[in-house]
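Please open the model in your viewer and keep the sequence panel beside it, since each stop of this tour asks for a selection and then says what is there.

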Amino acid sequence: MKLLTKTTLYFLIAMIPLLAAGGFFLFHQFSKEINQRVDRELIHEEIQWIEYVESATWNGGNFILQTPDILIYPVRQPVTEFPSISDTYGYRAKDDVQIPLRQLTHVVSINGTPYLITIRRSQEQKTALVANVTWIMLLVFIGLFIVTLIFNWIISKSLWQPFRSSLQKVRNIELQKLENIHFEQTDTAEFNELNASLNTMTQKIYSDYVNMKEFTENAAHEMQTPLAVVQSKMELLLQDSNLNESQVEAILQTTTALSRLSKLVQSLLLLAKIENNQYETTKSLSLADTTKKYLELFDELIKDKDITIDTSFTGNFMINLHPLLADSLVSNLLGNAIKYNKAGGNINISISDQEYSISNTSDLPKIDPQYLFKRFKKPANSPESSTGLGLSIVKKIIDTHHLTISYEAEHGIHRFCIKRR
Amino acid sequence: MKVLIIEDEQALQQSIQTYLEHQGFICEAVGDFLTGIDKIHQYQYDCVVVDIGLPYGSGLDIVKELKNVESKTGIIIISAKNALEDKLKGLELGSDDYLTKPFHLSELNARIHAIIRRRNFGGNKTIMFNEISLEPEALQVAVNGKAVELTDKEYQLLEYFIANKRRVLTKAAIAAHIWGDEYEQVSSYDFIYTHIKNLRKKLIDAGSGDYIKTVYGTGYRFTDS
């Protein structure tokens with residue numbers, strides 16, 4: 001719900017008891033006014049009746065009058081000093097509807113005889129009064145409602161404009177272009193505060209981002225030099241003819257671990273760089289060509305495992321992708337298809353303009369989809385040389401280039417399929 | 001052949017120097033930009049191995065300076081940065097090659113050999129090892145003057161072996177040199193064996209000595225002793 005709608009709603013809800021109270025007060029006031037007037041009229045009428053009865057009975061005799069509105073007859077009751085006026089209900093004769101009445105009763109002594117005088121006045125107009133007041137209040141409420149709506153619309157159009165433009169900016173923010181984002185001054189204090197905070201925040205995020213980027217790159221680079229030192233020393237050590245077998249073995253294992261470490265660092269750096277969009281390009285290339293290149297390059301490995309390759313290239317799968325990332329994407333997928341294949345197995349690559357699919361035979365069980373693209377999650381029986389980053393890199397490239405990748409494994413055939421989003 | 005090594009990491013500098021001297025180069029090694037600039041002004045080198053990140057300056061400026069003085073020196077950049085832009089920039093400035101750390105010393109050595117040979121305009125480019133001779137431009141091999149038919153891979157292997165003669169070469173280094181970096185991490189290097197077996201057989205059949213020795217569990221060594 002919009003903030004403005006909400007405040008309006010609360011405002012209107014708050015108005016209801018206020019209007020009700022106003023209506024009640026109004027009704028009460030009117031009703032008091034009406035009662036006073038009726039009472040005066042009743043008393044006035046009573047006085048006239050007393051005068052009439054007095055003159056009618058001055059020479060003795062009783063007077064009795066009985067109409068629906070006026071009752072006058074002698075009683076054996078003590079005389080009351082003042083007339084009592086009260087509200088009561090009675091039936092209207094013609095349609096038998098109960099109506100409110102104002103009734104005056106008084107026992108007065110006329111020419112020595114106590115008479116009970118009862119005079120009633122219909123108060124039908126009072127019922128109408130309640131309806132009238134309710135109507136007025138309802139009209140006020142509706143008027144208020146409409147006026148508030150119009151005001152809200154105007155307010156939301158003009159007053160909230162700066163807020164909306166800031167929001168739009170935040171929505172379109174890209175990390176690399178954060179440097180150029182600036183939230184302008186407005187003539188509303190609250191929005192100025194908000195924009196100032198947003199400015200500080202974006203600047204902070206940008207400088208953190210730059211630092212982070214530099215740190216990742218520098219850390220990766222700084223690691224390569226000591227690795228190079230160890231690598232070179234190992235290579236020199238290996239030249240020593242006095243080494244025994246176990247020493248040579250130790251050196252070789254060290255060298256292998258070293259090159260794995262170096263590969264790992266490079267892969268992490270690559271991941272970071274893809275995340276930072278440092279491989280943006282406007283040129284498009286053909287994934288089919290890249291695949292052909294790697295099929296040739298991996299020829300020895302394919303032959304070594306006696307794997308047969310089936311290809312069906314019906315399109316090129318042209319895509320805006322940095323050549324380095326295309327290499328990484330294809331070499332990881334094809335490399336895995338070879339690495340996890342069984343001896344004498346098969347790889348099937350089919351490329352159309354819309355779909356890139358690579359499947360391979362394997363004795364390995366289906367990869368848990370939960371861990372498929374997770375960093376450092378590799379199958380328990382994967383070769384030592386695996387960095388556990390290959391598919392993470394693939395996924396990162398897919399995610400940053402408007403592609404989707406799906407994986408399925410059935411009857412010993414594992415298949416990855418890339419489609420455009 | 002004289003090689004200048006400009007690398008600030010002492011241990012690496014020493015390793016390179018040791019290896020190259022073993023392979024018959026005369027080496028000088030310096031550890032910072034200023035000494036490096038001094039050296040290239042004072043002496044003529046066949047090849048300069050230069051790191052990009054140096055104290056007091058960038059290795060790229062040394063490349064520029066060498067190009068300014070129109071030196072015939074071959075240049076190979078060794079850098080921790082694997083960034084494509086750095087590579088392109090180095091090559092654009094006139095460097096002959098670019099090697100990313102960490103690298104195999106045998107790889108660096110093979111590349112220096114190739115650069116010096118390429119730069120040796122008009123000179124004799126034939127690579128000789130006893131009775132074996134290689135013509136790099138024609139990719140031809142002869143034993144005692146008699147041509148031997150080799151595949152591309154076999155030729156590359158032989159050239160790599162001769163450049164790194166008498167050194168133990170690991171299978172990983174060989175695979176990375178011939179088939180590319182992707183091959184450094186494969187689980188089995190059995191495929192190398194096939195190529196080496198064929199090369200060895202062809203050379204012996206042509207009448208050369210049996211120079212390719214298997215170093216058990218490690219790799220191979222090309223040696224006449």
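Select A:S312 and A:S350 to begin this walk through a predicted model: A:S350, in β9 of chain A, is the bridge partner of A:S312. Widen the selection to strand β7 (residues 308–313) of chain A, and you will find that β7(A) and β9(A) run parallel and are joined by six bridges. On the other pairing to visit here, A:N348 has A:S359 in β10(A) as its bridge partner, and β9(A) is joined to strand β10 (residues 355–361) of chain A by five bridges, this time with the strands running antiparallel. Follow the chain from β9(A) into β10(A) and you pass through a hairpin of three residues.

Stay with strand β9 (residues 346–351) of chain A and show its side chains. Which residues make up its covered face, and which its uncovered one? The covered face consists of A:I347, A:I349 and A:I351, whereas A:N346, A:N348 and A:S350 form the uncovered face.

Next, select helix α9 (residues 390–399) of chain A, where seven of the ten residues are buried, so that the helix is largely enclosed by the rest of the structure. The buried residues are A:G390, A:L391, A:S392, A:I393, A:V394, A:K396 and A:I397. To see what surrounds them, add α5 (245–275), α8 (323–339) and β11 (403–410) of chain A, against which the buried residues of α9(A) pack. For chain A as a whole, buried residues make up 21% of the 421 residues.

Now move to the N-terminal part of the tour and select helix α1 (residues 3–56) of chain A together with helix α2 (residues 124–158) of chain A, whose axes come within 9 Å and cross at roughly 155°. That angle makes α1(A) roughly antiparallel to α2(A), and the crossing of the two is right-handed. If you colour the contact between α1(A) and α2(A) by residue class, it shows 18 nonpolar, eight polar and one charged residues. Before leaving, show the whole of chain A, which has nine helices and twelve strands.

Bring chain B into view and select the contact between the two chains, where 32 residues of chain A touch 32 residues of chain B. On the side of chain A that touches chain B, α4 (189–238), α5, α7 (299–304) and α8 of chain A each supply at least two residues. The largest share of that side, twelve residues, comes from α4(A). By class, the residues of the side of chain A that touches chain B are eleven nonpolar, twelve polar and nine charged.

A single residue of chain B is worth a stop of its own: select B:Y19, which lies in helix α1 (residues 10–22) of chain B. Is B:Y19 buried or exposed? B:Y19 is buried, because 22 other C-beta atoms lie within 10 Å, and the cut-off for calling a residue buried is 20 or more. Apart from its neighbours within four places in sequence, B:Y19 is in contact with A:L236, B:L105 and B:N109. Add B:S106 as well, and you can see two C-alpha atoms separated by 8.1 Å although B:Y19 and B:S106 are 87 residues apart along the chain.

Continue in chain B with an open sheet of four strands, in the order β8-β9-β10-β11 (chain B) and with antiparallel pairing. Its edge strands are β8 (127–129) and β11 (146–148) of chain B, each of which pairs on one side only. Between β8(B) and strand β9 (residues 132–135) of chain B there are three bridges, and B:I127 stands opposite B:L134 in β9(B).

For the last stop, select another open sheet, with three strands in the order β12-β14-β13 (chain B) and antiparallel pairing. The edges are taken by β12 (168–170) and β13 (212–215) of chain B, each with a single partner strand, so one side of each is left without a neighbour in the sheet. Direction ignored, neighbouring strands of this sheet are turned by 35° against each other on average. Four bridges pair β13(B) with strand β14 (residues 219–222) of chain B, and B:T214 stands opposite B:Y220 in β14(B). Finally, add helix α7 (residues 171–179) of chain B, which lies across β12 and β14 of chain B and runs at about 70° to β12(B).

Key. Residues numbered from 1 in each chain as written. Chains lettered and ligands numbered in written order. Predicted model: local features only at pLDDT ≥ 70, side-chain atom pairs only at ≥ 80, totals over all residues. Pairing = 2+ DSSP bridges. Axes fitted to C-alpha atoms, helices over the stretch in contact; angles between N-to-C directions. Contact = placed C-beta atoms within 7 Å. Buried ≥ 20, exposed ≤ 12 C-beta atoms within 10 Å, placed from the backbone. Nonpolar A, V, L, I, M, F, W, Y, C, P; charged D, E, K, R; others polar. Parallel < 35°, antiparallel > 145°, perpendicular 65-115°, else oblique. Left-handed = near helix turned anticlockwise from the far one by under 90°.
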